[in-house]
Amino acid sequence: MTAMDSRGTADKKVMKYAGKMKTAAVTAAVILASLAFLYFGTANFADIGISDRLNQRESVTNKKIYIIGIDDKTLEQYGPVNTWSREVPAKLVRLLNGADGVRPAVIGFDVIYSEEADREADDAFARACGEAGNVVSAMSFSFKEQPEQGEDGRIVYNPYHVEYVIEPYDSLKNEVMCGFANTFVDTDGYVRQAMAYLDYEGKREYSLSSQVYKVYQESRGEEAVFPAVYGRNNRFYFTYSGKAGGYSVVSMADVLDGTVNPAVFQDAVVLVGAYAVGMQDSYMPAIAHNSQMYGVEIHANIIEALLEGKTQLPVPPLYYALAAALLCGIFYVCSEKMRLLYTTVLLAALIVLDLVFAKGMYGKGWIVPTILLPVCLLVVYLVQMVRRYLAEIMRRRRVLNVFKQYVAPQVVDKISKDKDFELVIGGENRHIAVLFVDIRGFTTMSESLKPEEVVEILNEYLGLTTQAIFDHGGTLDKFVGDATMAVFNAPFDLDDYIFRAVATAWDMQAGAERIAKQFQERYDKSVSFGIGINCGNAVVGNIGCDFRMDYTAIGDTVNTAARLESNARPGQILISRDVYEAVKDRVRVTPVGEIPLKGKNNGVFVYQVDSVGEYPENGQSPNSQGA
């Protein structure tokens, strides 16, 4: 294996390793992004907000949940709640639990009767509740974040440390079941979670909704099955069944004055609570963003969610992050091998499938992030687009660098910067100057030298010819063995292109004399150039077939230039009459006369170039050197 092969193999290994590292890096980044989305900032709530719009739908199915609202009508008739005698709620309890077995399954008061007012009225309310045996009264926990020692001995902060409890007054507390009525508002301001229960001072305290649900199930002879919960405060997500006003709501005043028949509430869940703006017990529900819902209606939704099993838990973040990262990694690998259009279609399909999957998992009790995976996939997609863009830039640079080995660098730079430039497929008719140069005596020389010495000489001379062509803005058409062909004024317009061709030939001859001395000393061999130049119209463009093309010039102009080169003696530059007429004020020549050329019926009058002047400055020709 040669050193070049070894280097190439090593480069491939490095590129392969770099590709693996790149994929690993993107996958790791996606994992971190996933965890960040799940754990930090507003991204999680942006995600859950989309989940709300996707899954929260109004569908009240339980017709056995009623709300007796302390509404504006009730407040107008009975005054502010804090001025009421406890005889008012006592009367409500007695009316609802009337004679002839007409009674609700459970009555839940979303009102905290914590302070004693009138002992007789307070006791009357307590007795009414005790006789009914189906009343749940609200209590409230006051939470405060506090450091606590965990099971492993480490100090952790508990945001739900109970600082104090607001409970019903003693006589009422002894006659009713209690449930804490705290409403849990997420950081984004919406209510979508509830607390099932809380273990406090060795006793399990149920939330108001959970306690009402528990009593209702017992009244039907069924077991109260609570959903799986998470976190230190035993939370769960729930699906709303109704928007504001979605449940049957009657005014408390209408029940108290007999307008509403208590038999309506037979075996039902009855919730009593604030239903007036002035009572300041309203929240933003997840089912209808930017709207308000009274707390008692939220309890009704939680109770129905418990009854219908419409509760959810968040999917374990780490598991989902790993799954999302794996899918993103697969998408990344696939996108590396697919066209951009197919990658875009795949991205769209995966986003749709993600939404379908999230909705399906929600129905099975799991909240799966809805925008996390699409965002991560989009990041991968953008990474691929940027990578392809950068790869295309690098490929373009490599192509241009290779192209500069065939065409003058300034020509390549102009092509790359000219947005309007376009190579005409199939060729175009252009007026050009064509130069052919060939090493004289090369065949004889190659027979007496080692192959590597022949290659060294050849490369040196071809390097000279190529550099001369590029220096004057010409286009290197091709190498034909030890010969070189160049065109001027193609593929784009070139000023003073005929003189540029002659000046290129003159530089080639000057350079040939210099390096000929070097090889004479090194190999005892001396070779020189024969050069021919012609100008005229020719077809220039991409010549060939669909799978192999060559940018070149063809036509009689090219053939004539080749014949002039083959007739040139060592060290001689022959130009046609057309070339001479174009540059005669800047060259010194010796007329050679008309010579026959192979393949042409008529001879061509040619000149030998003896010296060459300079390019004109500011459009003015220099002093003629004579012809």
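**Exercise 1. State how many salt bridges the model has, then describe the one made by Arg440.**

By the rule that a side-chain nitrogen of Lys or Arg lies within 4 Å of a carboxyl oxygen of Asp or Glu, the count comes to 20 salt bridges. This is a predicted model, in which local features need pLDDT of at least 70, side-chain atom pairs count only at pLDDT 80 or more, and totals for chains, interfaces and linings use all residues. Residues are numbered from 1 along each chain as its sequence is written, and side-chain values use heavy atoms, with hydrogens and water left out.

Step 1. Find the partner: Arg440 forms a salt bridge with Glu565, and the closest N and O atoms are 3.0 Å apart.

Step 2. Place the two residues: Arg440 is in strand 17 and Glu565 in helix 17, 125 residues apart, so the pair links distant parts of the chain. Helices (H or I, at least four residues) and strands (E, at least two) are DSSP runs, numbered from the N terminus.

Step 3. Check the burial: both Arg440 and Glu565 are buried. Buried means under 20% relative accessible area, exposed over 50%, and partly exposed in between, with a 1.4 Å probe and protein chains only. Glu565 has a relative accessible area of 10%.

Step 4. List the surroundings of Glu565, where contact means heavy atoms within 4.5 Å. Leaving aside neighbours within four places in sequence, Glu565 is in contact with Phe436, Val437, Asp438, Arg440, Gly530, Ile531 and Gly532.

**Exercise 2. Compare the burial of two other salt-bridge pairs with the cut-offs.**

Step 1. Arg220 and Glu222 meet in a salt bridge at 3.5 Å, N to O. Arg220 has a relative accessible area of 41% and is therefore partly exposed. Glu222, at 40%, also counts as partly exposed.

Step 2. Lys584 forms a salt bridge with Glu581, with the closest N and O atoms 3.2 Å apart. Lys584 is partly exposed because its relative accessibility is 39%. Glu581 is partly exposed at 41%.

**Exercise 3. Work out how strand 20 is paired on either side.**

Step 1. Two strands pair if DSSP finds at least two bridges between them.

Step 2. Strand 17 (residues 428–440) and strand 20 (residues 528–545) run antiparallel and are joined by 13 bridges. In this pairing, Ile432 stands opposite Gly536.

Step 3. Strand 20 and strand 22 (residues 572–576) run parallel, with four bridges between them. Here Ile531 stands opposite Ile573.

**Exercise 4. Describe helix 9: its span, its burial and what follows it.**

Step 1. Helix 9 (residues 295–308) has 14 residues and reaches 20 Å from its first C-alpha to its last, close to the 20 Å expected at 1.5 Å a residue. The expected span is 1.5 Å times one less than the number of residues.

Step 2. Twelve of the 14 residues are buried, so helix 9 is largely enclosed by the rest of the structure. Among the buried residues are Val296, Ile298, Ile302 and Leu306.

Step 3. Just after helix 9, Gly309 takes a positive phi of about 70°.

**Exercise 5. Give the order and the edges of the open sheet that contains strand 13.**

Step 1. The open sheet has three strands in the order 6-13-14, with mixed pairing.

Step 2. Its edge strands are strand 6 (190–191) and strand 14 (293–294), each of which pairs on one side only.

Step 3. Strand 6 pairs with strand 13 (residues 282–285) in the parallel sense over two bridges. Val191 stands opposite Pro285 in strand 13.

How values were computed: Contact means heavy atoms within 4.5 Å.
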